[in-house]
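Pull up the structure and turn it around for a moment before reading on. We'll walk through it piece by piece.

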Amino acid sequence: MSNNESTGSSIDLSGKIALVTGGSRGIGQAIAFELGRRGATIVINYLKNHKAAKATVDELEAAGISATRIKAHVGDETAVESLVEKIDEKFGRLDILVNNAASGVMRPAVDLTAKHWDWTLDINARGPWLLAKAAARLMPDGGRIINLSSPGSTRVLPAYFAVGVSKAAIEAVTRYLAVELGPKGIAVNTVSAGFVMTDAIDAFPDELGVKDIASRPTPAGRVIFPEDVAKVVAMMCGTDAEMIRGQVIMVDGGETLRHE
């Protein structure tokens with residue numbers, strides 16, 4: 001068995017065009033690198049941080065991966081259409097869409113306003129739907145749409161109300177799109193990441209102890225790394241996952257099985 005086969009990196013995505021939203025840091029960045037290592041051309045979408053996006057594209061290209069970046073607010077319908085149009089103009093198609101971009105206001109339900117709700121749901125659920133709808137027009141048979149979720153979609157986490165609701169929504173969006181886009185040869189699934197130690201963890205107030213959970217070993221014997229999530233996303237983009245549709249694949253090292 002070759003080293004590539006033993007690590008699972010033998011999934012070939014050569015010639016594929018992949019859009020990773022929120023791809024300039026954290027899990028999104030890891031996904032961009034993993035898809036790129038497997039041969040895909042990467043389009044990084046970002047909202048505000050030009051410097052981080054440029055640095056990520058530079059790192060991808062330094063690793064021999066073809067990459068570009070496009071700024072767009074995925075919660076805005078016009079921006080989504082513009083983003084997909086730019087990809088169409090540059091590449092003529094899109095094979096893989098990874099809806100990783102996420103935001104949200106970390107407060108209990110009673111402390112949230114309608115504006116907080118709209119912001120969170122627009123980026124985390126409405127945006128992926130709009131992107132999937134637009135991207136499907138460019139996708140050939142064998143297209144892949146992967147949405148990112150978290151255990152907070154079904155479990156009640158502290159100060160996670162709006163984000164948790166948005167993640168439950170994206171999992172429902174996944175199921176509906178999997179059925180609707182199936183006849184076009186497009187597979188839609190969700191990868192749900194447990195507590196991964198990235199900048200996103202900093203959004204949780206320290207007193208909630210989320211950082212402690214993220215930094216302790218899971219039942220698998222270690223913490224979860226962004227690369228663990230990225231490898232599963234890449235696996236779901238390959239032909240081996242052809243008959244997995246509308247599912248939520250949990251990557252948490254068994255952490256959500258714990259009672260405490």
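A handy yardstick to begin with: the expected span of a helix is 1.5 Å times one less than its number of residues. Keep in mind that what you're looking at is a predicted model. Now try the yardstick on helix H6, residues 161-181: with 21 residues, H6 reaches 30 Å from its first C-alpha to its last, close to the 30 Å expected.

Stay with H6 and look at what is tucked away. Its buried residues include Val 163, Ile 170, Val 173, Thr 174, Leu 177 and Leu 181. An α-helix has 3.6 residues a turn, so residues three or four places apart point the same way. And what covers the buried residues of H6? The cover includes helix H5 along with strands E5, E6 (187-193) and E7.

Those strands bring us to the sheet. It's an open one with seven strands, paired in parallel, and if you read across it the order is E3-E2-E1-E4-E5-E6-E7. At the edges sit E3 (67-71) and E7 (248-251), each pairing on one side only. On average, neighbouring strands of this sheet are turned by 20 degrees against each other, ignoring direction.

Zoom in on the E3 end. E2 (residues 41-46) runs parallel to E3 and is joined to it by five bridges; here you'll find Asn 45 opposite Ile 70 of E3. Helix H4 (residues 77-91) lies across E1 (17-21), E2 and E3, running at about 150 degrees to E3. Helix H5 (residues 114-136) also packs on the sheet, where it touches E1, E4 (96-99) and E5 (144-149). The direction of H5 makes about 175 degrees with that of E4.

Next stop, Asn 99, which has its place in E4. Is Asn 99 buried or exposed? Its relative accessibility is 4%, so Asn 99 counts as buried, the cut-off being under 20%. Its side chain makes a polar contact of 2.8 Å with the side chain of Asn 147. Beyond its neighbours within four places in sequence, Asn 99 also touches others, among them Thr 21, Pro 128, Leu 131 and Ile 145.

Finally, find Leu 94 in the loop between H4 and E4. With a relative accessible area of 0%, Leu 94 is buried. Which residues is Leu 94 in contact with, leaving aside its neighbours within four places in sequence? They are Ile 17, Ala 18, Leu 19, Ile 87, Ala 135, Leu 138, Met 139 and Pro 140. Take Leu 138: it's 44 residues from Leu 94 in sequence, yet their C-alphas are 5.4 Å apart in space.

Definitions and conventions. Residues are numbered from 1 along each chain as its sequence is written. This is a predicted model: local features need pLDDT of at least 70, side-chain atom pairs count only at pLDDT 80 or more; totals for chains, interfaces and linings use all residues. Side-chain values use heavy atoms; hydrogens and water are left out. Two strands pair if DSSP finds at least two bridges between them. Helices (H or I, at least four residues) and strands (E, at least two) are DSSP runs, numbered from the N terminus. Axes are lines fitted to C-alpha atoms, for helices over the stretch in contact, and angles run from 0 to 180 degrees between N-to-C directions. Contact means heavy atoms within 4.5 Å. Buried means under 20% relative accessible area, exposed over 50%, partly exposed in between (1.4 Å probe, protein chains only). A polar contact is a pair of N or O atoms within 3.5 Å; within protein, one must be able to donate a hydrogen and the other to accept it, and residues adjacent in sequence count only if both atoms are side-chain atoms.
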